[in-house]
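Got your viewer open? Load the model and keep the selection box handy, and we'll walk through it stop by stop.

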Amino acid sequence: MTVLKVAIVGCGNISRRHAESYAAAPTELVGVADIVPSKADKLAAKFGGRPFGSVTELLTATSPDLVSVTTPPGSHAEIAIEILAAGKSVLLEKPPVLSLAELDAVAAAEQASAGSVYVVFQHRHGSGGLRAASLLADGALGKPQVAVCETLWFRPVSYFDPEWRGTWVGEGGGPTLGHGIHQIDLLLHLLGPWKSLTATAVRLDRPVEFEDVSMASVIFESGAVATVINSLLSPRELSRIRIDTTGGSLEVNHLYGYSDTDWTFTPAPDAARAATNGLDPGVRRTGSAEVVAADTDPWAGSAGDDVPSNHEAQLGRLVDDLLAGRTHETTLASTRPTMEFVTALYASSLTGTAVQRAELTPGHPFYRALHGDVPQADIDRTMNLP
Ligand SMILES: NC(=O)c1ccc[n+]([C@@H]2O[C@H](COP(=O)([O-])OP(=O)(O)OC[C@H]3O[C@@H](n4cnc5c(N)ncnc54)[C@H](O)[C@@H]3O)[C@@H](O)[C@H]2O)c1
């Protein structure tokens, strides 16, 4: 049987999810690398492959088809460019990079390489997300009008103990970039191109250089509107996206990964059926199921096997795609609107103005860094509420 040769750079927490997912797919783990040798040794002892002290050593001694980059976000771009220069493909953990400038540098390296770049956004790959994307794209669920996207998580002060966390240089940003990005990516994947946004980012409690809560109002090119909130201060955690369309309300309500049971679709009252029953379709009463055309509900009708939105779902699809010679759809290029959104959120909150997506070209002040080179004292003044 043909297998894909894979490797992992960065042997910390999330590397285990990669190793387990590859073990469940037709792959051979040829090497793992970490700047802390004992971490590479430990991962190799459990999952196989040769341990190395750096990506350079790994690429010199082995020839993987695909390399997972599971290091802290501040190192992703440099490591990805080195892997691409060796002609190999890369799977970048989220957030793929820390700025649009880094994203474009990695994209340029990809252009010059035989390898390709993919990004881990596992929530695009569960069965619920795949159904939602396909039904919304072909109009079966109606036209999206209003959406709400909430990432209300809790991270204690101790979460920021590792040196790279809490800093622009290591972590790159707060819950907008590091946590809410999962939901933001799924929202944009489902609703299509966004056009403009206005945002607020504040630091209420945690010892970080950036925000611990952010909020945005977004207008999409389709005319749909959405609110997005990202928090690390919310004890009862949830991740939720709700999209109200002309056809109904689609909602996913989960935490770190959904199953089919976390999705609901509530069809809009059906005018023809309501008229038959002598009811007003604009008035929904408790238990008034008769005004809903349940037998023609496209969401219920599209149910298949339940695939939860975890690493195994995406990495399994990625391996299958690469072995079959197909392009895996979560390319680096497909995640640019998500990085543009994150960039615009910081730009809008630090400048107090609305940001158009079309403005985010190399000349934009926030293109090179999410803090836009605004002095830290000014960031502190803007983000720290009295
Ligand atoms: N997709 C998800 O749901 C998800 C969940 C958690 C974390 N992540 C992402 O995974 C990445 C890693 O997070 P983590 O929690 O595993 O971090 P971690 O700190 O536990 O692990 C990072 C590892 O990388 C090593 N490292 C650092 N620089 C290196 C370099 N230049 N070369 C080789 N190794 C290097 C460190 O020694 C460490 O072992 C981050 O981008 C994070 O955002 C994604």
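Start at a turn: select Gly223, which sits in the hairpin of S9 and S10 and takes a positive phi near 100°. That hairpin has four residues between its strands. Keep in mind as you look around that this is a predicted model.

Now widen the selection to the strands on either side of the turn. S9 and strand S10 (residues 225-231) run antiparallel, and seven bridges join them. For a single rung of that ladder, pick Ser217 and look across to S10, where the bridge partner is Thr227.

Next, go to the other neighbour of this pair. Which strand is joined to strand S9 (residues 213-220) by eight bridges? Select strand S8, residues 194-202, which also runs antiparallel to S9. Here the rung to click is Ala199, whose bridge partner in S9 is Ala216.

Time to zoom out to the whole sheet. S8, S9 and S10 belong to an open sheet of eight strands with mixed pairing. Colour the strands in the order S13-S12-S11-S7-S10-S9-S8-S14 and you can read across it. At the edges you'll find strand S13 (263-267) and strand S14 (355-356), each of which pairs on one side only. As a reminder for this view, strands of a sheet pair through backbone hydrogen bonds, either parallel or antiparallel.

From the sheet, jump to a helix. Select helix H4, residues 76-85, and pick out Ile79. Is Ile79 buried or exposed? Its relative accessibility is 13%, so Ile79 counts as buried, the cut-off for that being under 20%. Draw a distance from Ile79 to Leu197: the C-alpha atoms are 32 Å apart in space, with the two positions 118 residues apart in sequence.

Then try helix H5 (residues 100-111), which holds Ala107. Ala107 is partly exposed, because its relative accessible area is 26%. Draw another C-alpha distance, this time from Ala107 to Leu84: you should get 9.9 Å, for a pair 23 residues apart along the chain.

Last stop, the surface. Select Arg16, Lys39, Lys42 and Lys46, and you have a positive surface patch. Which helix gives the most to this patch? Helix H2 (residues 37-47) does, with three residues. Finish on Lys46, which lies in helix H2. Lys46 has 60% relative accessibility and therefore counts as exposed, since the mark to pass is over 50%.

Methods:
Residues numbered from 1 in each chain as written. Predicted model: local features only at pLDDT ≥ 70, side-chain atom pairs only at ≥ 80, totals over all residues. Heavy atoms only, no water. Patch = residues over 30% accessible without salt bridge, like charges linked within 9 Å, V, L, I, M, F, W, Y side chains within 5 Å. Areas by Shrake-Rupley, 256 points an atom, 1.4 Å probe, with all protein chains shown as cover. Salt bridge = Lys/Arg side-chain N within 4 Å of Asp/Glu carboxyl O. Lys, Arg positive; Asp, Glu negative; His and termini not counted. Charge placed at Lys NZ, Arg CZ, Asp CG, Glu CD. Helix = DSSP H or I, 4+ residues; strand = E, 2+ residues; numbered from the N terminus. Buried < 20%, exposed > 50% of the residue type's maximum accessible area, 1.4 Å probe, protein only. Pairing = 2+ DSSP bridges.
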